[in-house]
Amino acid sequence: MKKIEVLGTGCKKCTVTAEQITAIAKELGTDVEVTKVTDPQIIMHYQVMSTPAVAVNGKLAHSGGVPDRKKIEAILKA
């Protein structure tokens, strides 16, 4: 199971990112645990300067906006 963290302030873009990752993972049959992280200290730990950002199993995979479908699929398949 991949542990995916959506890092951000809880804005609409962060919510959409989490929803899209969950939906695409389900379509692909990928087992994921998606959590939203709003704690600024945790976000800064990943050195994120622009949100939403996505971390997979503790490693930053994307930052700076809602990832498109191709990016989400690449994140899930990596």
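How many salt bridges does the count come to? The count comes to two salt bridges, and the model in which they are found is predicted. The legends below take the close-up views in turn.

**Figure 1. The side chains of E27 and R69 meet in a salt bridge.**
The N to O distance in this pair is 2.5 Å. The two residues belong to distant parts of the chain, 42 residues apart. E27 sits in helix α1, which covers residues 12–28, and R69 sits in helix α3, which covers residues 69–77. E27 is exposed, at a relative accessible area of 54%, whereas R69 counts as partly exposed, at 39% relative accessibility.

**Figure 2. R69 also forms a salt bridge with E73.**
Here the N to O distance is 2.9 Å. Both residues lie in helix α3, four residues apart, which is about one turn of the helix. Through these pairs, E27, R69 and E73 are linked in a network of salt bridges. In general, side chains of opposite charge can pair when their charged atoms come close.

**Figure 3. E73, a residue of helix α3, touches I24 and L28.**
These two contacts leave out residues up to four places away in sequence. L28 is 45 residues from E73 in sequence, while the C-alpha atoms of the two residues are 8.4 Å apart in space.

**Figure 4. Strand β1 pairs with strands β2 and β3.**
β1 and β2, the latter covering residues 32–37, pair in the parallel sense over six bridges. In this pairing, K3 stands opposite E33 of β2. β1 and β3 run antiparallel and are joined by four bridges. L7 has A53 of β3 as its bridge partner. Is β1 largely enclosed by the rest of the structure, or largely open? Five of its six residues are buried, so β1 is largely enclosed by the rest of the structure.

**Figure 5. Strand β1, helix α1 and strand β2 make a β-α-β unit.**
The unit is right-handed. Its two strands, β1 and β2, are parallel to each other. Its helix, α1, is also the one that contains E27 of the salt bridge with R69.

**Figure 6. The largest nonpolar core has 13 residues.**
The residues with the most contacts inside this core are I4, I21, V54 and L76. The elements that give two or more residues to the core are β1 (2–7), α1, β3 and α3. Which of the elements gives the largest share of this core? The largest share, five residues, comes from α1. Apart from this core lies another, of seven residues, among them V37, I43, Y46 and A53.

**Figure 7. The surroundings of I4 include I21, V54 and L76.**
I4 also touches V32, E33, V34, T35, A55 and V56. Residues up to four places away from I4 in sequence are not counted here. I4, I21, V54 and L76 are the residues named above as having the most contacts inside the largest nonpolar core.

**Figure 8. A53 lies in strand β3, which covers residues 53–56.**
Is A53 buried or exposed? A53 counts as buried, at 0% relative accessibility. Leaving aside neighbours within four places in sequence, A53 is in contact with E5, V6, L7, V48, L60, H62 and S63. L7, one of these contacts, is also the bridge partner of A53. T17 is 36 residues from A53 in sequence, and the C-alpha atoms of A53 and T17 are 8.7 Å apart in space. A53 is also among the residues of the core of seven residues.

**Figure 9. The cysteines C11 and C14 form no disulfide with each other.**
The count of disulfides comes to zero. For C11, the nearest cysteine sulfur is that of C14, 3.3 Å away. Why is the sulfur of C14 not bonded to that of C11? The distance of 3.3 Å is too far for a bond, because a disulfide needs the two sulfur atoms within 2.5 Å. The two residues can also be described by their accessibility: C11 counts as partly exposed, at 28% relative accessibility, and C14 counts as buried, at 2%.

How values were computed:
Residues numbered from 1 in each chain as written. Predicted model: local features only at pLDDT ≥ 70, side-chain atom pairs only at ≥ 80, totals over all residues. Heavy atoms only, no water. Salt bridge = Lys/Arg side-chain N within 4 Å of Asp/Glu carboxyl O. Buried < 20%, exposed > 50% of the residue type's maximum accessible area, 1.4 Å probe, protein only. Contact = heavy atoms within 4.5 Å. Core = buried A, V, L, I, M, F, W, Y, C linked by side-chain atoms within 4.5 Å. Pairing = 2+ DSSP bridges. Right-handed = clockwise from strand over helix to strand, strands pointing away.
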